[in-house]
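Biologist: Before we discuss this entry, please display the sequence together with the coordinates.

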Amino acid sequence: MGVEVVVDGLTKSFGRQVIWEDVSLTLPAGEISVLLGPSGAGKSVFLRTLMGLLRPDRGHIWIDGHDLADCDENTFHELRGLFGVLFQDGGLFGSLNLYDNIAFPLRQQATAAEARIRQIVMAKMELLGLLGAERKLPGQLSGGMRKRAGLARALVLDPEIVLFDEPGSGLDPVRTAYLNQLIVNLNAETGATFVVVTHDVDTARTVPDSIGLLFRRELVMFGPREMLLSSDEPVVRQFLNAGMPGSDPDPGGPPPIPPRLMPSGNRIRHTRQAPGDLVRGQRRDPAAGIVRGRAGT
Ligand SMILES: Nc1ncnc2c1ncn2[C@@H]1O[C@H](COP(=O)(O)OP(=O)(O)OP(=O)(O)O)[C@@H](O)[C@H]1O
Ligand SMILES: [Mg+2]
């Protein structure tokens, strides 16, 4: 389970506003990648582009040998089916109860009988600690429950790639920590490729296998967590350690790398690939050629 996604030279603008340019990175199959960036850096736009909801101006999104940014309609539809997404606001339909919200993607597919749908929905609700709340409307739930319900819906079709847009937003630190542990557990359980975008530095430091920093219209860096957390690139240090680019970087060198959150209940992670390369945003050597050959190999 889980597929590799290779993003190559991706650029997105709205009119004359360039959101980010020439973003290239490889999201390892079955692992958790976090893209960190300040508010307005274009994180949500990145996720929407990655799953084909927005069209990039340039660049490629290679999945299993196909380019999501440039393929025929059938392939596009199939590739889109690989994704599940937890939207920033949960993305639940306000007029549908939790059960119907979570059942929605299954009913849209119109392939499963209602009895089977019930089995699947109840299993996902149990997985996310939502049993008993089936008949509640989204407006009657706490923020944390809404997030988990959005996540149950994102997982209901057993996606190969799961996107999380700011999973901790609107939650207190205790619930954010709980959700982070849940993300790590779900990754171990499903083996799907997880991509989390957030401005929360604690999440970025403890949850992912790989981290990237999206800042001032470019992907400053992307690579294994340990490499990025010990980087002496000033902009990375400023963002990770002080939270605010522009403030003084820590004078004593980077703080120690915190332990990575491990799955609870002795679950074993499906994958831990050998650490990949560190990708530096605009500093990629154009002579190195594009990474397209790595998709689907
Ligand atoms: N559909 C759109 N049309 C025009 N501009 C857009 C559209 N969607 C996003 N933008 C602009 O793109 C920029 C990046 O927005 P985005 O929502 O991706 O930021 P973000 O990093 O997710 O921020 P936050 O952390 O606050 O969620 C913003 O300036 C926003 O106004
Ligand atoms: Mg956003």
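**Helix α1 and its surroundings**

Modeller: In this predicted model, the buried residues of α1 are Lys43, Val45, Phe46, Leu47, Thr49 and Leu50.

Biologist: Is α1 largely enclosed by the rest of the structure or not, and how many of the 8 residues are buried?

Modeller: A residue counts as buried if 20 or more other C-beta atoms lie within 10 Å of its own. Lys43 and Thr49 meet this criterion, as do Val45, Phe46, Leu47 and Leu50. The helix is therefore largely enclosed by the rest of the structure, the number of buried residues being 6 of the 8.

Biologist: Which helix gives the largest share of the shell around ligand 1?

Modeller: The shell around ligand 1 comprises 4 nonpolar, 7 polar and 2 charged residues. Of the 13 residues around this ligand, Phe14, Ser39, Lys43, Ser44 and Val45 come nearest. The largest share, 3 residues, is supplied by residues 43-50, that is, by helix α1.

Biologist: Which residue just after α1 takes a positive phi?

Modeller: Most residues other than glycine have a negative phi. The residue concerned here is a glycine, with a phi of about 85°: Gly52.

Biologist: In what order do the 4 strands of the open sheet lie?

Modeller: Strand β1 pairs with β2 in the antiparallel sense over 7 bridges. Strand β1 (residues 5-14) is also joined to β4 (residues 58-63), again antiparallel, by 5 bridges. The edge strands, each pairing on one side only, are β2 (17-27) and β5 (66-67). The order is β2-β1-β4-β5.

Biologist: Which residue of β4 is the bridge partner of Val5?

Modeller: Strands of a sheet pair through backbone hydrogen bonds, either parallel or antiparallel. The strands β1 and β4 run antiparallel. The partner of Val5 in β4 is Ile63.

Biologist: Which residue takes a positive phi in the hairpin of β1 and β2?

Modeller: Within these paired strands, Val7 stands opposite Leu25 in β2. The hairpin has 2 residues between the strands, and the positive phi, near 60°, belongs to Gly15.

Biologist: From which domains does the largest nonpolar core draw at least three residues each?

Modeller: In soluble globular proteins, nonpolar side chains tend to be buried together. Among the 73 residues of the largest nonpolar core, Ile61, Ile102, Ala152, Leu163 and Val196 touch the most other members. This core draws at least three residues from each of domain 1 (5-82 + 161-294) and domain 2 (92-158).

Biologist: Is Leu82 buried or exposed?

Modeller: Leu82 lies in the loop between α2 (73-80) and β6 (83-86). Beyond its neighbours within four places in sequence, Leu82 contacts Val3, Ile63, Pro159, Glu160 and Ile161. Because 20 other C-beta atoms lie within 10 Å, Leu82 is buried.

Biologist: Asp158 has a positive phi although it is not a glycine; is Asp158 buried or exposed?

Modeller: The phi of Asp158 is about 50°, and the residue is found in the loop between α5 (143-155) and β7 (161-165). A residue with 12 or fewer other C-beta atoms within 10 Å is classed as exposed. Asp158 has 12, so Asp158 is exposed.

Biologist: Glu166 also has a positive phi without being a glycine; is Glu166 buried or exposed?

Modeller: Glu166 lies in the loop between β7 and α6 (173-190), with a phi of about 50°. Since 22 other C-beta atoms lie within 10 Å, Glu166 is buried.

Terms used. Residues numbered from 1 in each chain as written. Chains lettered and ligands numbered in written order. Predicted model: local features only at pLDDT ≥ 70, side-chain atom pairs only at ≥ 80, totals over all residues. Core = buried A, V, L, I, M, F, W, Y, C linked by C-beta atoms within 7 Å. Domains from an automatic or database assignment. Near = placed C-beta within 6 Å. Nonpolar A, V, L, I, M, F, W, Y, C, P; charged D, E, K, R; others polar. Pairing = 2+ DSSP bridges. Contact = placed C-beta atoms within 7 Å.
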